[in-house]
Amino acid sequence: MREGFSYRRIMERYSLVLILLLFMLVCSVLNETFMTRTNMLNVLRQQSVIIILAIGEMVLIISGMLDLSAGSVLALSGVLSVSTYKATESMMLAISVGIGVAVICNILNGIMITYYKAPPFIATLAMQAVARGAVLFYCKGVNIYRIGDFTVIGQGSFLGIPNPVYILAAVILVMIFIMRNTRFGRSVYAVGGNEEAANAAGISVHSVKMRAFVLNGVLVGIAGIIFMSRVNGGVPNGGMNYEFDALTATIIGGISFSGGTGTVFGTVVGAFLVGFLNNIMNLLSINSYIQQMVRGIIIAVAVIWDIYSKKQKTYNLKTARRDQGREGGASQATVARGLLIGVSLMTLFSSL
């Protein structure tokens, strides 16, 4: 019995990593370029933006919210950061402006949701339209070029490793510490798990949600700066639909839309799965429309499985089988993740 429990615990903790390794193995068979050092570094450089956005989404989803404006706010904050650098040649000021703009946008999201009780979907969808319209109006729809040394952030490297990877590593370590070892991190899980119970326990629900949006704003601002630096310009149409890649990463990473559960580690692994999926589809020259279909299928199947697992866990709790319910939920999560990857692989093979 003890061995069985240990096995289930191992599968619960590392099943997603095993799926990632298996997926990488299959991709390396499909295309010999996939596992090359150049391609891996390219994926790391590109996915750094998505992973940072996904970690921000993770915090919000765990607390019972979400952000559909991340891609548009990324574009607005990144473009204003580029413009500031061109005008002043001050890197610190440019970074401060980029992060500050993203934080302000997220504070507005938080106010609409916490104080005016607007649904997160509606509030952030409105911010998506406002931010995208604002950046297009500011640039008159034209890209900003000749950004000088601003490109060092996204295109530079140290010891052969791209700078965005170092920034990403720092973000991951800081966020792991915040979510595991701080009162705020524990409060995020409490609010997402049961808002009424958290409030009864003396946790300021409004404060936690506002701080979650502020933290998400910092991460979106960092992602916007990296993105604009990497593409060597201020691109008002940049980051289009990035929020959906970030949401897909969180779902695959085991974050439940019902709130209260999820880890930074799972989100990062989920983001790498999304990144490798996008990369192998590009290497295999799969039609871009089919790629969009694959992403849509992944999101739909993941949400359906999330809802099913939640209902099953609730049923198990009602029948007083708490331990078995937890183990069952983990098993279903593993099956769901395997199913998502299976759908992706079948699509890849059918498109060859």
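This passage describes confidence, one helix pair and one salt bridge in a predicted model.

Confidence varies along the protein chain. The mean pLDDT is 84. A score of at least 70 is reached by 82% of the residues. Among the elements, helix α4 (residues 91-114) has the highest mean pLDDT, at 96. Helix α14 (residues 322-351) has the lowest, at 51. Over residues 320-332 the pLDDT falls below 50. Beyond near neighbours in sequence, this stretch makes 11 contacts in the model. Where pLDDT is low, predicted coordinates should not be read in detail.

Helix α3 (residues 70-88) packs against helix α10 (residues 205-230), with axes that come within 8 Å. The two axes cross at roughly 60°. At this angle, which is neither under 35 degrees nor within 65 to 115, α3 is therefore oblique to α10. The crossing is right-handed. On the α3 side, the contact includes Ala-70, Val-73, Leu-74, Gly-78 and Val-82. Their partners in α10 include Val-220, Gly-224, Ile-225, Phe-227 and Met-228. By class, the contact of α3 with α10 has 11 nonpolar and 5 polar residues. Charged residues are absent from this contact.

Helix α10 also takes part in a salt bridge, through Lys-209. The structure holds 1 such bridge. Side chains of opposite charge can pair when their charged atoms come close. Here Lys-209 pairs with Glu-195, and the closest N and O atoms are 3.0 Å apart. Glu-195 belongs to helix α9 (residues 195-200), so the pair ties together parts that are 14 residues apart in sequence.

Notes: Residues numbered from 1 in each chain as written. Predicted model: local features only at pLDDT ≥ 70, side-chain atom pairs only at ≥ 80, totals over all residues. Heavy atoms only, no water. pLDDT = per-residue confidence, 0-100. Helix = DSSP H or I, 4+ residues; strand = E, 2+ residues; numbered from the N terminus. Contact = heavy atoms within 4.5 Å. Axes fitted to C-alpha atoms, helices over the stretch in contact; angles between N-to-C directions. Parallel < 35°, antiparallel > 145°, perpendicular 65-115°, else oblique. Left-handed = near helix turned anticlockwise from the far one by under 90°. Nonpolar A, V, L, I, M, F, W, Y, C, P; charged D, E, K, R; others polar. Salt bridge = Lys/Arg side-chain N within 4 Å of Asp/Glu carboxyl O.
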